[in-house]
Amino acid sequence: MRPPLPPAAVALLACPVCGGGLTADDAGVRCPAGHAFDRARQGHLTLLPPGGSPHAGDSAAMVADRVDLLAAGHYAGVTAALAGAVLADGEPGSVLDLGGGTGAHLAGVLDAAPGAVGVCLDVSRYAARRAARAHPRAIAVVADTWAGLPVRDGAVDRVLVVFAPRNGAETARVLAPAGRLVVVTPAADHLAELVGPLGLLSVDPAKAERLAGSLGPHLERVAVRTHRERLVLDRGAVRVLVGMGPHARHLTGEELEVRLAALPDPVTVTVAVDVTTHRRA
């Protein structure tokens, strides 16, 4: 039997048709105007606008790789750095994770903030199926960040964006007046030992400028922290690491296997991310 949706998390949501608030019933959620959205048997909600979304999001295979890598604890340091930035301005009551994938990072933040509820929003239905089981105080929602967030104005204390696209205007709209956006982006040396040998996508040297441009004029940066650690990964873990991200769309399986065979086993890999905090401008 599925557990009920946390009422305080449902209260953050808005109808994607009319913008009205949503309340939960036995089938899913509905707004005062009568627009109803059934809850999937896996536990998640779908709050796409009329006509759906042109974006499919991560595939089932990419999501499975992400589950495996995160379950192995390889990005636990990134989650801890994210949680530290979230709590730096006090414990939030609500957290929205945009492009949150399987909900693993949101779950880590909610564990560190026991009074908070969360919403994990991702356009991939495969990710949402996993995120629906990520944490008892969280809701998983299939939605498109570029079509408008199904979230009420000024409702959220913290918004998280971890390795995902950013919609500055919509983020500013849903943030509470004293709320914060926390963004995790790859630093210049992230996965540096793998980029050349495997032909992975490299980090844009103008990343910081692009981040500011994607958020301004709606949000302004107030803090930045860098998290850096070194992991020792066998080839299987490297294969999963590549498969869970955008690199998977640029390499065929055969190309990856040839390049993996040329790597040391195990290989030391740098994980380096910038964690930036922003407020409404």
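Strands β5 and β6 run parallel and are joined by 5 bridges. In this predicted model, L98 stands opposite L121 in β6. Both strands belong to an open sheet of 8 strands with mixed pairing. The points below cover the sheet, its strands, the loop after β5, and two helix topics.

**Sheet order and edges**
- The strand order across the open sheet is β4-β7-β6-β5-β8-β9-β11-β10.
- The edges are formed by β4 (45-46) and β10 (219-233), each of which pairs on one side only.
- At the β4 edge, the pairing with strand β7 (residues 138-142) is parallel and extends over 2 bridges.
- T46 has V142 of β7 as its bridge partner.
- Further along the order, β8 and β9 run parallel and are joined by 6 bridges.
- Within β9, L175 is the residue that V156 stands opposite.

**Enclosed strands**
- Strand β6 (residues 117-122) is largely enclosed by the rest of the structure, because 6 of its 6 residues are buried.
- The two faces of β6 are both covered.
- One side of β6 carries V117, V119 and L121, and the other carries G118, C120 and D122, all of them buried.
- In a regular strand, side chains alternate between the two faces of the sheet.
- Strand β9 is also largely enclosed by the rest of the structure, since 9 of its 12 residues are buried.

**Loop between β5 and α4**
- T102 lies in the loop that links β5 and α4.
- The relative accessibility of T102 is 9%, so this residue counts as buried; the cut-off for buried is under 20%.
- Leaving aside residues up to four places away in sequence, T102 touches V63, R66, V67, L70, A127, R130, A131 and A134.
- G103 sits in the loop between β5 (94-98) and α4.
- With a relative accessibility of 2%, G103 therefore counts as buried.
- Under the exclusion of residues up to four places away in sequence, G103 touches C120, A131 and A134.
- C120, one of the residues touched by G103, is a buried residue of β6.
- A131 and A134 are among the contacts of T102 and are also touched by G103.
- From C-alpha to C-alpha, G103 and A80 are 14 Å apart in space, with a separation of 23 residues in sequence.

**Helix α3**
- Helix α3 (residues 76-87) has 12 residues.
- From its first C-alpha to its last, α3 reaches 17 Å, close to the 16 Å expected at 1.5 Å a residue.
- Buried residues in α3 are G77, V78, T79, A81, L82, A83, A85 and V86.
- These buried residues pack against one helix, α4 (104-112), and against the strands β8 (156-162), β9 (175-186), β10 and β11 (267-280).
- Of these partners, β9 is largely enclosed by the rest of the structure, while β10 is an edge strand of the sheet.

**Helix pair α9 and α10**
- The axes of helix α9 (residues 235-243) and helix α10 (residues 253-261) come within 11 Å and cross at roughly 140°.
- The crossing of these two helices, α9 and α10, is right-handed.
- On the α9 side the contact involves R235, V238, R239 and V242, which meet L256, E257, L260 and A261 in α10.
- By class, the residues of the α9 and α10 contact comprise 5 nonpolar, no polar and 3 charged.
- In an α-helix with 3.6 residues a turn, residues three or four places apart point the same way.

Definitions and conventions. Residues numbered from 1 in each chain as written. Predicted model: local features only at pLDDT ≥ 70, side-chain atom pairs only at ≥ 80, totals over all residues. Heavy atoms only, no water. Axes fitted to C-alpha atoms, helices over the stretch in contact; angles between N-to-C directions. Helix = DSSP H or I, 4+ residues; strand = E, 2+ residues; numbered from the N terminus. Left-handed = near helix turned anticlockwise from the far one by under 90°. Contact = heavy atoms within 4.5 Å. Nonpolar A, V, L, I, M, F, W, Y, C, P; charged D, E, K, R; others polar. Pairing = 2+ DSSP bridges. Expected span 1.5 Å × (residues − 1). Buried < 20%, exposed > 50% of the residue type's maximum accessible area, 1.4 Å probe, protein only.
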